Amino acid sequence: MGIFWTRLLEINLYNLKENLRSLRKLLPEEVEILPVIKNDAYGHGLLEVARALTEEKVYGFGISEPYEAHLLRRAGFIHPLILLSGFEKDWLPDIKVLRITPVVTSIFTLEWLIDFTLKKAVTFEFHLKVDTGMHRFGVPMHELLEIIERLRENPQLQLTGLMTHLACSERPEDPIFHAQIKEFKKALSLLTSEGFNPKFVHLYNSAGIIFSEDFKGNLVRPGIALYGGYPCNKARARIRLKPVMTLKSKVVEIKHLKKGEIAGYGPTFTAKRETLLGIIPVGYGDGYPRILSNKGFAVIRGQRVPIVGTISMKALYLDLTEIPSPQLGEEVILLGGEREEVPADELAQLADTISYELFCNLGKIIPRRYKE
Ligand SMILES: *Cc1c(COP(=O)(O)O)cnc(C)c1O
């Protein structure tokens, strides 16, 4: 039995893998890749994405919660899992059992780790995140010596990675970009001169990989580019990415409006001519941004058509007047598409957001279909 659907999320795992290969082409041979699959792989499905990516060469995965590691371990993944955005004290037993690599982001998270290893008589490998200027997670530079001191006193802890995160990796021309890299190099040489040699040195997300020049570190953390999102318009000149998430729906109602008739809540739409409206069963309840009312677009028969009227919880209107005799049941593309008919970053810009948010929100739609 086929499942009847009026909206469908298609995830193209072939394109996902191709995006990984395109990123790899920008990197020296020795640099390893840690795909970031936090937040259900940006809405694409944690396990399916992880499975597809392990068919390529990846070092491990970047995650944000122990629960993600639980799902991955239960599914049989044995790869290193790095908990990128720090941890809570009471996560430590799970972190140990699930063989997660924690990231220390402050003196006090280091103290939690020390307490835990002493109480349980266990060892721990971890990565250290330094704050090189973004002022989010990370140890401030002036506290590094204190950290080093504590590490000397606690050989049960093994520093296997040094990392930072950049505030504007999509703008390499910004002085902050270079200032952060300079700070990071300082942190690295301080550690080295104190006798610590972290095996992994990493600082770049997708934009960083695309725009960085000489200094690459030896591990990178791509997220959005794997999912076919360009971190910014300029990135299109440097890399060709393929869409991974496609949202399709169908015309479920057609309305003929006379000039002057209205449609939808508000009403925010009045027909300026005789108008054919197609009603599509997708709305903000599905994660489609309501702010795209009277602004967004979709593609039907390869042609762009505008969204008109106010988007409701489970429906939106398309103006189909320019489409010759539109039919009930016709397929429309609301995001992505085989030929990137609806580019995620273009739609995101219209919605005053970024493709990341569109993917995370629309990623909750079921049913999903995976294309291998
Ligand atoms: C989410 C995340 C990334 C991935 O960033 P993209 O811009 O999606 O490539 C990399 N590093 C850290 C620390 C992150 O939290």
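Visitor: What places Pro267 in a loop, and between which strands does that loop lie?

Guide: In this predicted model, strand S13 covers 262–263 and strand S14 covers 269–270, and Pro267 lies in the loop between them.

Visitor: What makes the peptide bond between Gly266 and Pro267 notable?

Guide: The bond that joins Gly266 and Pro267 is cis, with omega of about -15°. Most peptide bonds are trans. A second cis bond runs from Ile366 to Pro367, where omega is near -5°. Pro367 belongs to the loop between helix H11 (355–362) and strand S20 (368–371).

Visitor: Why is Asn294 singled out, and what is its phi?

Guide: Phi of Asn294 is near 60°, which is positive although the residue is not a glycine. Most residues other than glycine have a negative phi. Asn294 sits in the loop that links strand S15 (275–280) and strand S16 (297–300).

Visitor: Which residues come nearest to the ligand?

Guide: There are 13 residues around the ligand, and the nearest are Lys38, Tyr42, Ser206, Ile224 and Tyr356. By class, this shell holds six nonpolar, four polar and three charged residues.

Visitor: Why is the pair formed by Asn205 and the ligand called a polar contact?

Guide: A polar contact requires a pair of N or O atoms within 3.5 Å. In the side chain of Asn205, an N or O atom is 3.4 Å from an oxygen atom of the ligand, so the pair meets the cut-off.

Visitor: What are the distances for Arg221 and Gly223?

Guide: A polar side-chain atom of Arg221 is 2.8 Å from a nitrogen atom of the ligand. For Gly223, a backbone N or O atom is 2.9 Å from an oxygen atom of the ligand. Both distances therefore satisfy the limit of 3.5 Å.

Visitor: How much of the ligand does the protein bury?

Guide: The ligand taken alone exposes 390 Å², and the protein buries 93% of that area. The space that the ligand takes is the largest pocket.

Visitor: Which residues does UniProt list as "active site"?

Guide: The unreviewed UniProt entry lists Lys38 and Tyr265 under that name. They span 228 residues in sequence and their farthest two C-alpha atoms are 36.3 Å apart, so they do not all gather at one spot. Of these residues, Lys38 is included in the lining of the largest pocket. Lys38 has its place in helix H2, residues 38–43.

Visitor: How do you know whether the "binding site" residues gather at one spot or lie apart?

Guide: For "binding site", the unreviewed UniProt entry lists Arg136 and Met313. These span 178 residues in sequence, with the farthest two C-alpha atoms 34.7 Å apart, so they do not all gather at one spot. From this set, Arg136 is part of the lining of the largest pocket. Arg136 lies in the loop between strand S6 (124–131) and strand S7 (139–140).

Visitor: Which residues does UniProt list for "domain: Alanine racemase C-terminal"?

Guide: The unreviewed UniProt entry gives residues 244–371 for that domain. This span is 12% helix and 34% strand, and its end C-alpha atoms lie 9 Å apart.

How values were computed:
Residues numbered from 1 in each chain as written. Predicted model: local features only at pLDDT ≥ 70, side-chain atom pairs only at ≥ 80, totals over all residues. Heavy atoms only, no water. Near = heavy atom within 4 Å. Polar contact = N/O pair within 3.5 Å; in protein donor to acceptor, adjacent residues only side chain to side chain. Areas by Shrake-Rupley, 256 points an atom, 1.4 Å probe, with all protein chains shown as cover. 1 Å grid on protein atoms, 1.4 Å probe; cavity = no way out; pocket = protein on both sides within 12 Å on 5 of 7 lines; lining within 4 Å. Sits in = over half its atoms within 2 Å of the grid points. Nonpolar A, V, L, I, M, F, W, Y, C, P; charged D, E, K, R; others polar. UniProt positions renumbered as here; feature names shortened; annotations may be inferred. Helix = DSSP H or I, 4+ residues; strand = E, 2+ residues; numbered from the N terminus.
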